[in-house]
Amino acid sequence: MTLASVALTLCAFHGLFHSASIAIAARRIRSAATKTELRNPPSVTLLRPVRGMDYKFEETIGSSFSLSYPNVETIFCVESEEDPAAPALRQIIADNPQADASLLFGQSDATSNPKVNNLAKGWYASKSDWVGISDANILLPSDYVESLLAMLSDSTGLLSHAAVGTEPIGFAAELECATLNSLEARWMLAADSVGWGFAFGKSLLWHRKVLDNGGGWIMLGNEGAEELAFTKLVRRQGLKVRLAPRPVPQPLGRRTLKEVLQRQVRWARLRRAGIPRLYSLEVFLGGALPITYATAAAVSGAISAWVLAVYVVGWYGLEAALTRSAGWPLTPRMPLAWIARDVLHPLVWVAGFVGNRFEWRGRQVSAAGSSSRPADGRPGG
């Protein structure tokens, strides 16, 4: 085969998987319109870790009190009473006396994962058999709990949502939407649809016995990302991770390019440390390689410039169709954001191999993670 024919074959291969993943994700999202009635709904505890005040803080925290699910306990976990979010949390809880909500302070030292350490006190204080993690910067839809429990089956060990960026202010935030939404959320939904579901740490729900059977809370510190530790723990028990069909929104507000790139490199290093074989394939995601192949074919004369233009427009046109149908942000600059994301993607992928540490909310964290079990089996500190 000539180099041109190889390039055309690769273009077709990428185009097929790109189209299929978008079709699968769109179908999953449309299925969310069908609600499932739950008989004898169990009580659920939601742990919401808080550190500082993110964009739309009062709205995202306040969404905890607008859930339609009847039996919810909410525990807000904060490391220190000096946290600037503490007064606002106290006020929000006071403004919702009808809710079963509490605010806990303190930090464990049982693992190298600060989020796991912050949430440990909530886990041990929780009263329900069903326990979840809902990050403070996501906006919980009213049917948040129902949408997760609707995915439950005998083979399910962990329920999760993907997350999508909303309310971007500025091009850097639109770039983050381009990554979170029509790339990461799309592929997570597609993978879940074929039985390869992975958890997303912003939204998790599980039955207490699954974590207890896997070694307990301390096991979530075995990876730099608790969702990777939990996914592995569940699969070791012969169970699956399932994703709800509609991702939860994360209001972004204004971002800087440095913040967006640092976040992408952090996630890349976590995935490379936790799932190295799958991470090695991530370079093939996005449009960078297939459009490079198509450009090479055009330069060699194997295809015309018009065919190249149709390929590129079709590639991003499918992303636009998914974004519009899902109701995700579709700004006039979003096509530029998709292109910028795909240009940066191979660089971020390489950066994932360079170094094993990253900065998370002002502290240095290892992508590999570690945990140590005190004598009583509970986190120390």
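Modeller: Rings of Phe, Tyr and Trp (the six-membered ring of Trp) pair if their centres lie within 6.5 Å; planes under 30 degrees apart count as stacked, over 60 as edge-to-face and the rest as tilted. This is a predicted model, in which local features need pLDDT of at least 70, side-chain atom pairs count only at pLDDT 80 or more, and totals for chains, interfaces and linings use all residues. Residues are numbered from 1 along each chain as its sequence is written, and side-chain values use heavy atoms, leaving out hydrogens and water.

Colleague: Which residues form one aromatic cluster with Trp123?

Modeller: A charge counts as over a ring if NZ of Lys or CZ of Arg is within 6 Å of the ring centre and within 35 degrees of the ring normal. Arg208 lies over the face of Trp123, at 4.4 Å from the ring centre. The cluster joins Trp123 to Trp206, Trp217 and Phe230.

Colleague: How many aromatic pairs are there, and what is the angle between the planes of Phe13 and Phe17?

Modeller: The ring rule gives eleven aromatic pairs. Phe13 and Phe17 form a tilted one, at 4.8 Å centre to centre, and the angle between the planes is 50°.

Colleague: Are Phe13 and Phe17 buried, partly exposed or exposed?

Modeller: Helices (H or I, at least four residues) and strands (E, at least two) are DSSP runs numbered from the N terminus. Both residues lie in helix H1 (residues 3–31), four residues apart, about one turn of the helix. Buried means under 20% relative accessible area, exposed over 50% and partly exposed in between, with a 1.4 Å probe and protein chains only. At 47% for Phe13 and 44% for Phe17, both count as partly exposed.

Colleague: What is the centre-to-centre distance of Tyr311 and Trp315?

Modeller: Tyr311 and Trp315 form a tilted pair, with 35° between the planes and a centre-to-centre distance of 6.1 Å.
They are four residues apart in helix H12 (residues 305–326), and so about one helical turn separates them. Trp315 is buried, at 5% relative accessible area. The distance asked for is 6.1 Å.

Colleague: Which residues touch the most other members of the largest nonpolar core?

Modeller: A nonpolar core is a set of buried Ala, Val, Leu, Ile, Met, Phe, Trp, Tyr and Cys residues joined through side-chain atoms within 4.5 Å. The largest has 57 residues, and those touching the most other members are Val145, Trp206, Trp217 and Phe230.

Colleague: Which strands stand at the edges of the seven-stranded sheet, and why does each have one side without a neighbour?

Modeller: Two strands pair if DSSP finds at least two bridges between them. The open sheet has mixed pairing and the order E3-E2-E1-E4-E7-E5-E8. Each edge strand has a single partner, so one side is left without a neighbour in the sheet; these strands are E3 (100–105) and E8 (240–243).

Colleague: What angle does helix H3 make with strand E3?

Modeller: Six bridges join E3 to E2 (residues 72–78), and the two run parallel. Contact means heavy atoms within 4.5 Å, while axes are lines fitted to C-alpha atoms, for helices over the stretch in contact, with angles from 0 to 180 degrees between N-to-C directions. Helix H3 (residues 86–94) packs on the sheet, touching E1 (44–50), E2 and E3, and its angle with E3 is about 160°.

Colleague: Is Leu89 buried or exposed?

Modeller: Leu89 is in helix H3. Beyond residues up to four places away in sequence, its contacts are Val50, Phe57, Ile61, Phe76, Val78 and Leu103. At a relative accessible area of 0%, Leu89 is buried.
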